[in-house]
Amino acid sequence: MRSTGPVRRIGRLLMATTATAAAGAVTALSLAATPAAAAPTGTTATRPGDACTAADLGTRHPYIKSTEVSPTITHFKGWYVTEGTTGQQTVSTDTTTVISVSVGLNDTIETSFAVEALSNVKATVGLDVKLEYTSTSEESNSVTWNLTQPGYYGFYKGTKKVTGTYGSLNCNRAQQDDGSWALEWTEGPGSGSFTTFTTLEEGAVRCQDGVPADSIMAKAQALLDCGSAAAKADHPAGAVAPTAQQKPDRPALHPTPTTSTPAEQPTATAHSTRAALDCSAEAYKIAVPGKPLSWGAPLLADDGVRLRPSSIFSAHLDNWRLCNVTEQDGVLEASLWNWGNGGCATVAEQNASTERAVLMTVPCAEDDLQRFYVYRDVPGSSKIGVQNKYTGSMMGYDRYADGEFIRQYSSGRQDGTGTFDLTAV
């Protein structure tokens with residue numbers, strides 16, 4: 001392992017623990033605005049530039065960058081009603097469009113980050129959208145309607161499809177205009193697109209009916225192709241053969257839930273070769289603030305990183321070095337090499353999309369699963385938050401206890417248990 005000048009400077013910066021610096025950190029932190037907590041449904045969502053606290057270093061939140069609402073017909077059937085066949089009709093419609101709820105490429109919507117993203121969409125557009133995985137193909141295609149006039153009808157089901165893009169906010173230090181430091185929510189890695197929809201609406205509409213422009217009913221009326229000869233011709237009572245306009249562009253079934261990483265995340269590489277790491281000379285403990293337990297790497301390959309007490313018997317399993325360090329917009333990116341077992345911290349590839357997956361160590365390689373973003377408190381404080389580059393999830397633990405696993409959480413731990421101390425050994 002060899003060290004470089006920039007990495008050593010980063011190490012010295014992280015080691016700043018003099019009384020003067022600590023006092024400055026407390027002052028700078030006290031000047032920050034009130035803490036930004038997780039945004040439950042119906043409250044104001046976290047925005048870039050909002051203040052956060054050291055307890056938020058191990059968390060992240062989605063924010064909605066753009067939205068588009070478009071009335072969409074999901075089921076349709078042309079139906080002709082003659083004199084004597086009016087009254088209540090029940091029609092089985094054909095599927096024309098399938099809309100599935102998704103955030104990124106993950107359509108299971110099982111993580112807190114995805115749920116919060118959709119909740120923010122709901123608040124942004126002011127519509128009651130779906131907040132869990134579902135698909136319009138799972139809805140019944142039967143439409144029952146009372147018809148009082150003969151004519152050519154379109155029986156339909158439709159919804160308001162809501163699409164857009166989201167970003168990811170992390171708490172990190174930012175230098176102010178006067179040179180002081182404060183913690184702010186800043187845009188970090190992890191952005192993508194989402195799709196959701198409102199409750200399905202159903203009905204029947206004729207060409208001659210007056211309907212609101214750009215409504216679901218107007219979309220259904222457009223499918224009747226009212227100016228065509230087929231629409232104007234007389235038909236026997238009952239179903240009318242679908243026109244080309246009424247046929248779906250392509251069948252769209254619910255895709256098999258994917259465990260692949262979202263499109264916005266970097267692609268992981270195979271663990272084929274050991275990386276030649278450029279590591280800092282300094283070693284660090286990643287500890288729970290104010291308490292004796294810290295990250296301890298495993299001796300066994302199939303075990304995970306756990307909270308452990310430090311002692312003369314720790315065999316450097318509680319010592320970590322920052323390797324191949326880069327910095328962009330105040331955020332460090334590094335591999336975490338363990339002095340005791342010689343491995344690098346990672347989330348197992350097969351568990352990359354799993355909430356609460358355990359942090360492991362493996363032979364070091366050029367792999368984004370082994371890269372981590374480090375979010376720092378104001379200078380003079382050693383508090384950090386740790387995020388996996390590939391999965392976007394934050395590191396934390398379920399409870400404070402000897403032997404408790406370090407795990408990944410899509411939004412982090414909102415109780416502050418994702419904030420750690422990076423202290424030089």
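Strand β13 is joined to strand β14 (residues 331–338) by 7 bridges, and the two run antiparallel. Within this pair, Cys323 has Ser335 of β14 as its bridge partner. The two strands form a hairpin with 2 residues between them. In the turn, Asp329 has a positive phi of about 50 degrees. These features belong to a predicted model, and its overall confidence is set out next.

The mean pLDDT of the protein is 84. A value of 70 or more is reached by 83% of the residues. Over residues 1–42, however, pLDDT is below 50. This stretch still has 65 contacts in the model beyond near neighbours in sequence. Residues 250–274 also stay under 50. For them the model has 45 contacts beyond four places in sequence. Where pLDDT is low, the predicted coordinates should not be read in detail. The contacts of residues 1–42 and of residues 250–274 are therefore to be read with that caution.

The secondary structure comes to 5 helices and 21 strands. Of the 425 residues, 51% count as buried. Contacts between residues at least 6 apart in sequence were also examined. Of these, 70% join residues at least 24 apart.

Strand β6 (151–175) has several partners. It is mostly covered, with 20 of its 25 residues buried. β6 pairs with β1 in the antiparallel sense over 20 bridges. Here Tyr80 stands opposite Tyr152 in β6. β6 also pairs with strand β7 (residues 181–197), again antiparallel, over 14 bridges. In that pairing Val162 has Thr196 of β7 as its bridge partner. The hairpin of β6 and β7 has 5 residues between the strands. One of the residues in this hairpin, Gly179, takes a positive phi near 90 degrees. With β8, β6 pairs in the antiparallel sense over 6 bridges. Phe155 stands opposite Ala204 in β8.

Helix α4 (residues 216–223) is linked to the same part of the model through its cover. Its buried residues are Ile216, Ala218, Ala220, Gln221 and Leu223. What covers them includes β1 (60–81), β6 (151–175) and β8 (201–206). An α-helix has 3.6 residues a turn, so residues three or four places apart point the same way. Just after α4, Asp225 takes a positive phi of about 50 degrees.

Positive phi values also occur in the loop between β12 (306–309) and β13 (320–328), where Ala315 is found. Phi of Ala315 is near 55 degrees, a positive value in a residue other than glycine. His316 lies in this loop between β12 and β13 as well. Its phi is positive too, at about 65 degrees, although His316 is not a glycine. His316 is partly exposed, with a relative accessible area of 37%.

Tyr397 is found in another loop, between β19 (394–396) and β20 (407–409). Its relative accessibility is 5%, so Tyr397 counts as buried, the cut-off being under 20%. Beyond its neighbours within four places in sequence, Tyr397 is in contact with Val288, Leu307, Glu404, Phe405, Ile406, Tyr409, Arg413, Thr417 and Phe420. Tyr397 and Arg407 are 10 residues apart along the chain. Their C-alpha atoms are separated by 5.7 Å.

Empty space inside the model was examined last. Rolling a probe the size of a water molecule over the atoms shows where empty space is left. The count comes to 2 cavities of 30 Å³ or more. The second largest cavity has a volume of about 30 Å³. Ile286, Leu322, Leu336, Val374, Ile384, Val386 and Leu422 line this cavity. By class, its lining has 7 nonpolar residues, with no polar and no charged ones. Two of the lining residues, Leu322 and Leu336, fall within β13 (320–328) and β14 (residues 331–338), respectively.

Notes
Residues are numbered from 1 along each chain as its sequence is written. This is a predicted model: local features need pLDDT of at least 70, side-chain atom pairs count only at pLDDT 80 or more; totals for chains, interfaces and linings use all residues. Side-chain values use heavy atoms; hydrogens and water are left out. On a 1 Å grid over the protein atoms alone, a cavity is a set of points where a 1.4 Å probe fits but cannot get out, and a pocket is an open set with protein on both sides within 12 Å along at least five of seven lines; lining residues have an atom within 4 Å of a point. Grid points are joined across faces, edges and corners, and a volume is the space filled by probe spheres set on the points. Ala, Val, Leu, Ile, Met, Phe, Trp, Tyr, Cys and Pro count as nonpolar, Asp, Glu, Lys and Arg as charged, and the others, Gly among them, as polar. Buried means under 20% relative accessible area, exposed over 50%, partly exposed in between (1.4 Å probe, protein chains only). Helices (H or I, at least four residues) and strands (E, at least two) are DSSP runs, numbered from the N terminus. Contact means heavy atoms within 4.5 Å. pLDDT is the predictor's confidence in each residue, from 0 to 100. Two strands pair if DSSP finds at least two bridges between them.
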